[in-house]
Amino acid sequence: AMAAERGPAMVTCTAPVNIAVIKYWGKRDTDLILPINSSLSVTLHQDQLKTTTTAAASRDFTEDRLWLNGKEADVGHPRVQACLREVRRLARKRRGGGEDTAALSLSYKIHIASENNFPTAAGLASSAAGYACLVSALARLYGLEEELSEVARRGSGSACRSMFGGFVQWQRGERPDGSDSLALQVAPETHWPELRVLVLVVSGEKKPVGSTAGMQTSVETSPLLKHRAEVVVPQRLAQMMQHIQDRDFEGFGQLAMRDSNQFHATCLDTFPPIFYLTDVSRHIIALAHRYNAHHGHTKVAYTFDAGPNAVIFAPADAVAEFVEVVRRSFPPAANGDQFVRGLPVGPAALPQELVAAVVTEPVPGAVQYILHTKPGPGPQLVDDPSQHLLGADGLP
Ligand code: DP6
């Protein structure tokens, strides 16, 4: 039994980042985090982007505590509390009041340590991976086996989609209590093996308005957002599922670009308006369209969340050439050797007519680096105890 053991009970999990191709923007219930429309995303591989979280419980802990990237943080944050409360509630329900001696006592305080293998400053959606990881680690600690996207959703809406690998839908649901607002896997990461993802991390600038505040203003003021949620998204969601099923990059890419653009249009339609795209973002958009026009079909597709970084989808055989086009269009400032990170990218010689048609307005230093990745699996349990982020004393 737990009480006889030395040291805290401890579990470590990792969880992925996801990028939406049909965007979530707007809540119908801000407390339960219920969206006004369904959304669909691609889970990115944890070899390149992941959160790692250790959750520990012990009779010796005197209070719940939380560390983020090595620094103690506020465990009283309402969204952290909502996740904790929901996991404990499920654990209690599961035990049905009966005394299960093998199970961890629900009265024990917990310590949580979480870190990202990527810079938070890169503006990549860290809250989705963060809450998915928190919920996965807590669930394992309490021995829960049920599907927990509904709990991750209480941390951050987009976090529910990080509970699965591959291609994931967050269905908006109809019920006021949110019990049908959950994530479902549309296809596993193995479904589309040629699909690659390039994250173009642009230089400078922090996002002006967080997504939580931004989307609420949009709900209150944007008639375009209302039309989008009621009319546009239901049609697009069905189309996008079909494109994924068919591995149709032309259809997938076109729709991903259109949906990103409409999301940013709803931001402009918000009053006062919100701007997440920058001049560099717009340069990348124009570059992608010139590149596709030159080839006469969709070779690359961009999407942007609530920030200026571009996420590019491309079939594997288009990556080397497009990366070279980006390098020529945004010549790296000093030593360009770390310009491409993640999965290896082969060399590419650009035909002169492609350079002439596509690389029209170079902006030196505007893209900091490119991260090359691909679709990947959902949250993972880490078996190796040396990977725990907390020591036997329960501290980082
Ligand atoms: C633009 O999930 O960060 O990335 O639910 O308030 O935590 P909260 O918002 P969040 O919003 C993400 C918005 C988006 C689009 C998307 O991921 O679907």
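How far from an oxygen atom of the ligand does a polar side-chain atom of Arg79 lie? In this predicted model, the separation comes out at 2.7 Å. Arg79 has company here: of the 17 residues around the ligand, the ones that come nearest are Tyr24, Lys27, Arg79, Ser156 and Ser158. The two serines make similar approaches through their side chains. For Ser156, a polar side-chain atom sits 2.6 Å from an oxygen atom of the ligand, and for Ser158 the corresponding figure is 2.7 Å.

Stepping back to the overall layout, the protein splits into two domains. Domain 1 is made of two stretches of sequence, 9-189 and 382-387, while domain 2 covers 195-373. Their C-alpha centres are 27 Å apart. The contact between them draws on 29 residues from domain 1 and 43 residues from domain 2. Putting the two together buries about 2900 Å², and carbon and sulfur atoms account for 73% of that area.

What about polar links across this interface? With both partners at pLDDT 80 or more, 7 residue pairs turn up in polar contact between domain 1 and domain 2. On the domain 1 side, four strands each put in at least two residues: β2 (18-22), β5 (39-43), β10 (167-170) and β11 (183-187). Of the elements involved, β2 gives the largest share, with 4 residues. Sorted by type, the residues on this side of domain 1 come to 17 nonpolar, 9 polar and 3 charged.

As for salt bridges, the count between the two domains is 1, set against 15 found in a search of the whole structure. Side chains of opposite charge can pair when their charged atoms come close. Lys23 and Asp305 are one such pair, with their side chains meeting at 2.5 Å, N to O. In sequence terms this is a long reach, as the partners are 282 residues apart and the bridge links distant parts of the chain. Both ends are in loops: Lys23 is in the one between β2 and β3 (27-29), and Asp305 is in the one between β13 (301-303) and β14 (310-315).

Two backbone details also deserve a look. Most residues other than glycine have a negative phi, and most peptide bonds are trans. Against that background, the bond joining Phe271 and Pro272 is a cis peptide bond, with omega at about -5°. Pro272 itself falls in the loop between α6 (249-269) and α7 (279-295). The other case is Ile33, a residue other than glycine whose phi is positive, near 55°. Ile33 belongs to the loop that runs between β3 and β4 (34-35).

How values were computed:
Residues are numbered from 1 along each chain as its sequence is written. This is a predicted model: local features need pLDDT of at least 70, side-chain atom pairs count only at pLDDT 80 or more; totals for chains, interfaces and linings use all residues. Side-chain values use heavy atoms; hydrogens and water are left out. Domain bounds come from an automatic or database domain assignment. Contact means heavy atoms within 4.5 Å. Buried area is the accessible area (1.4 Å probe) that two parts lose on being put together, summed over both. A salt bridge is a side-chain nitrogen of Lys or Arg within 4 Å of a carboxyl oxygen of Asp or Glu. A polar contact is a pair of N or O atoms within 3.5 Å; within protein, one must be able to donate a hydrogen and the other to accept it, and residues adjacent in sequence count only if both atoms are side-chain atoms. Ala, Val, Leu, Ile, Met, Phe, Trp, Tyr, Cys and Pro count as nonpolar, Asp, Glu, Lys and Arg as charged, and the others, Gly among them, as polar. A residue is near a molecule or strand if one of its heavy atoms lies within 4 Å of it.
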